[in-house]
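Reader: I'd like a close look at one part of this model rather than a tour of the whole thing. Could you pick a spot and walk me through what surrounds it?

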Amino acid sequence: MDRFPRKKTRQIMVGTVPVGGDAPVTVQSMTTTKTADVEGTLAQIYALKAAGADIVRCTCNEREAAEGLARIVPRSPVPIVADIHFHVEMALAAIEAGVHCLRLNPGNLRKPEEVKLVARECKDRGIPVRIGVNGGSLDKRLYDKYGGATPEALVESAQIELALFAEVGFDDVKISVKASRVPVMVEAYRQLSELVDHPLHLGLTEAGPPPSGTIKGTAGIATLLLEGIGDTIRYSLTTDPVEEAKAGRTLLEALGRRERRNVDLIACPSCGRAEIDVYRVAQEAQVALESRSIPLQVAVMGCVVNGPGEARSADLGIAAGKHRGHLFIRGEIVRVVPEDEMVAALVEEAEKLVKEGFEARLAAADKGAAQEAEADRLALLDARGADANRSEALVELINRRLGSGGDGEGSRAGPGRASGVE
Ligand code: SF4
């Protein structure tokens, strides 16, 4: 349950994709190819869509880029936003190219008459605009007024642009106020959200390469989404933009803002009890399941002693023990397979689970699998249990010494009873 319900914004349409209102939060990314390279750009747009992007932005920085857009837009599987910085002619050319939205940077396209000219044209053609304020390219006058790219400065920049649009009766707008520091970005969006009901495009600009860039982007974007702020998001990562789209999609699925369409792989961190190389098996499972778009939460657990219990909320999982893999569905062991077939068995069961459903797959469980797993679990406890359960044994000893009795409960960690290693 969200502590803050999603703030209701007015809805705009970016091509066929609704943004704002009660529309799902969308994922955006930006191509890194030259827009004039039509085939290369389209290939990247298709890759971005496959990775989770709903809307893609391409730069329109020169005549050849505008011409490229005219050829890209009709063949694109997602709406295209043209990124405009300094040149009003490029904005007008992108409109002619048929793009579904413009992104204008108020810090770069500054002349009020030019801004109003573009807004008028967009109004006539029914093309929305993103007012894309960016801390790094903030109008110098605002920078000087506030002594830096503060949240207040970013918000005022957006308001000035909105006022120019209002002069020509144009309001088909979404807004971003990006900064490269998480606290500034979060505060800017909070302030803006109080002042306008336009859809907000969230992003931390110049976040840098993963993993730190992804972490910083997540810190800002997730914070705001959980406060009910934000209608569309973009990670700005210094890497293949496919990673941006993947990160965006993964975040929205993790926050329950989009339906699950791909695997959510969870795995134990591994420890001295692990019977397999958890990192390798988890990686192999991730790749195999991702390529099949399996919309399940799947667990890879290093040992059958604690794995099925600790991951009982997962739809499907596998835990290792005594050179075998123990497949479980929502904590119930359904099959035991040789260790070298673990990933293949996991993938096969995942596909069946998606096709046949939980009831059918639980009904098809191998009889005796649960007993086999229990036997392996007990054997592992006998062989390796002393160290991992030492704390419980010591507690028992203390209880005996203190005379409060120790009934032995807890001396063995069973499924569902965490070993404490995590
Ligand atoms: S005890 Fe937990 S962390 Fe250690 S291998 Fe087993 S499932 Fe993984």
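Author: Let's take the hairpin that E14 and E15 form, with 2 residues between the strands. Arg330 sits in that turn and has a positive phi of about 45 degrees. Keep in mind that this is a predicted model.

Now for the strands themselves. E14 covers residues 324-329 and pairs with E15 in the antiparallel sense, over 6 bridges. If you want to trace the pairing by eye, start at Ile329, which stands opposite Glu332 in E15. Then find Phe328, whose opposite residue in E15 is Ile333.

How buried is E15? For strand E15, residues 332-338, 5 of the 7 residues are buried, so the rest of the structure largely encloses it.

Zooming out a bit, the hairpin strands belong to an open sheet of 5 strands, in the order E11-E12-E13-E14-E15 and with mixed pairing. E15 is an edge strand there, and so is E11 (264-267); each of them pairs on one side only. From one strand to the next, the twist averages 20 degrees. A helix joins the picture too: H12, residues 342-356, packs on the sheet and touches E12 (297-301), E13 (316-321), E14 and E15. The direction of H12 makes about 15 degrees with that of E14.

As for the wider chain, the domain assignment gives domain 1 as 12-254 and domain 2 as 260-422. The C-alpha centres of those two domains lie 44 Å apart.

There's a ligand to look at as well. It has 16 residues around it, and Cys268, Cys271, Ala274, Gly302 and Cys303 come nearest. By class, that shell has 8 nonpolar, 5 polar and 3 charged residues.

Conventions: Residues are numbered from 1 along each chain as its sequence is written. This is a predicted model: local features need pLDDT of at least 70, side-chain atom pairs count only at pLDDT 80 or more; totals for chains, interfaces and linings use all residues. Domain bounds come from an automatic or database domain assignment. A residue is near a molecule or strand if its C-beta atom, placed from the backbone, lies within 6 Å of it. Ala, Val, Leu, Ile, Met, Phe, Trp, Tyr, Cys and Pro count as nonpolar, Asp, Glu, Lys and Arg as charged, and the others, Gly among them, as polar. A residue is buried if 20 or more other C-beta atoms lie within 10 Å of its own, exposed if 12 or fewer, and partly exposed in between; C-beta atoms are placed from the backbone. Helices (H or I, at least four residues) and strands (E, at least two) are DSSP runs, numbered from the N terminus. Two strands pair if DSSP finds at least two bridges between them. Axes are lines fitted to C-alpha atoms, for helices over the stretch in contact, and angles run from 0 to 180 degrees between N-to-C directions. Two residues are in contact if their C-beta atoms, placed from the backbone, lie within 7 Å.
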